[in-house]
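Please open the model in your viewer and keep the sequence panel beside it, since each stop on this tour begins with a selection. Move through the stops in order, and pause at each one before reading on.

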Amino acid sequence: MKFENHITVAAAELSQFKNDCQMLDIKPVIVDMPLADGSFKTDYMTSMVYDGPLDVVHQEVSLVMLELTNIGYKVIRNKIEISARAEAEYISSIYKDKGFTSNQYFETHFEFLCHGDDTEGQLKTLCKDHLFYLSYNVGKAKEESKIVMLTVRYYGEPDDFFSLIKQTKDLFNKYNLPILKAQSEFAIYDSNPRHDDEWLSK
């Protein structure tokens with residue numbers, strides 16, 4: 001089974017973080033998240049994909065966290081995800097009869113290419129009317145356009161989640177908002193689920 005890991009560190013300097021990630025041979029991801037008061041919260045994260053048993057993945061992730069700590073970063077979150085479609089296999093094989101916990105949830109990240117204010121404005125309006133959350137991938141920003149991400153997070157059963165995502169896609173089609181990319185995940189481990197509280201508050 002494939003696992004994706006994101007390690008979040010405390011506030012960092014952008015270029016230095018990118019250079020340090022390159023030195024450690026890990027992918028940096030920097031995301032700006034607008035807050036209710038109009039300010040932005042910036043997350044400095046790593047992104048790595050592993051293929052193997054979960055216990056081995058945890059060991060590999062622990063090594064990366066140690067490397068980040070050794071060069072001066074404070075790790076504030078460790079998150080491990082699998083494909084949302086693989087959730088049933090994971091739950092049945094590893095977490096049978098344990099059910100869901102507060103740090104396990106489904107998410108879909110939708111990406112939209114915005115060339116002007118119209119698409120971005122529509123997405124902001126949808127976020128106000130629905131449980132959608134906007135963010136910006138700093139690494140994908142370009143002068144003439146930018147990638148706007150919209151996240152749907154769901155705590156509950158998989159069938160209900162997939163139904164919600166279908167309804168969400170139908171809503172985007174209704175407003176003629178072409179999806180550039182959509183990625184659905186199941187967070188099997190989140191060491192700090194309260195980290196997003198400020199972003200998720202409306």
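Begin by selecting Lys124, which in this predicted model is partly exposed, with a relative accessible area of 40%. Now add Glu120, which forms a salt bridge with Lys124, the closest N and O atoms being 3.7 Å apart. Glu120 itself is buried, its relative accessible area being 6%, and both residues belong to helix α4 (residues 117-129), where they are four residues apart, about one turn of the helix. An α-helix has 3.6 residues a turn, so residues three or four places apart point the same way.

For a second pair within a helix, select Lys166 and Asp170, whose side chains meet in a salt bridge of 3.2 Å, N to O. These two are separated by about one helical turn because they are four residues apart in helix α5 (residues 158-174). Lys166 counts as exposed, at 54% relative accessibility, while Asp170 counts as partly exposed, at 38%.

From α5, move on to Tyr175, which you will find in the loop between α5 and β8. Tyr175 is partly exposed, with a relative accessible area of 36%. Which residues is Tyr175 in contact with, leaving aside its neighbours within four places in sequence? Show Gln122 and Leu126, for these are the contacts of Tyr175. Leu126 is 49 residues from Tyr175 along the chain, and the C-alpha atoms of the two are separated by 9.8 Å.

Next comes a salt bridge of another kind, so select Asp196 and Arg77, whose closest N and O atoms are 2.9 Å apart. This pair links distant parts of the chain, since Asp196 sits in the loop between β8 (181-190) and α6 (197-200), whereas Arg77 is in strand β4 (residues 75-83), 119 residues apart. Are these two partners buried or exposed? Both Asp196 and Arg77 are buried. Extend the selection to Lys79, Glu81, Glu107, Arg153 and Asp190, which are linked with Arg77 and Asp196 in a network of salt bridges. The structure as a whole holds 11 salt bridges.

Stay in the loop between β8 and α6 and select His195. His195 is buried, with a relative accessible area of 12%. Leaving aside its neighbours within four places in sequence, His195 is in contact with Thr8, Lys41, Asp43, Ile76 and Arg77, the last of which you have already met as the salt-bridge partner of Asp196.

Turn now to helix α1 (residues 14-24) and colour its buried residues, Phe17, Asp20, Cys21 and Leu24. They cover an arc of only 100° around the axis, which puts them on the same side of α1. If you rotate the view to the face turned away from this buried side, you will find the exposed residues Gln22 and Met23. To see what covers the buried residues of α1, display β1 (2-9), β2 (27-34), β3 (40-51) and α2 (54-70), all of which are included in that cover. Just after the helix, select Asp25, which follows α1 and has a positive phi, near 60°.

Cys21 in α1 leads to the cysteines. Cys21 is buried, with a relative accessible area of 0%. How many disulfides does a search of the whole structure find? The search finds zero. Cys127, for instance, is in no disulfide, and the nearest cysteine sulfur, that of Cys114, is 11 Å away. Cys127 counts as buried, at 8% relative accessibility.

Finish in the interior, by selecting Phe17, Leu68, Leu123, Phe132, Leu150, Phe172 and Ile188, which touch the most other members among the 44 residues of the largest nonpolar core. Helix α2 gives the most to this core, with six residues. Centre the view on Ile188, which, leaving aside its neighbours within four places in sequence, is in contact with Phe3, Leu54, Ile80, Glu81, Ile82, Tyr90, Asn103 and Gln104. Apart from the largest core lies another, of 10 residues, among them Leu35, Tyr133, Met149 and Trp199, and selecting these four brings the tour to its last stop.

Note on methods. Residues are numbered from 1 along each chain as its sequence is written. This is a predicted model: local features need pLDDT of at least 70, side-chain atom pairs count only at pLDDT 80 or more; totals for chains, interfaces and linings use all residues. Side-chain values use heavy atoms; hydrogens and water are left out. A salt bridge is a side-chain nitrogen of Lys or Arg within 4 Å of a carboxyl oxygen of Asp or Glu. Buried means under 20% relative accessible area, exposed over 50%, partly exposed in between (1.4 Å probe, protein chains only). A disulfide is a pair of cysteine sulfur atoms within 2.5 Å. Contact means heavy atoms within 4.5 Å. The arc is that of the directions from the helix axis to the C-beta atoms. A nonpolar core is a set of buried Ala, Val, Leu, Ile, Met, Phe, Trp, Tyr and Cys residues joined through side-chain atoms within 4.5 Å.
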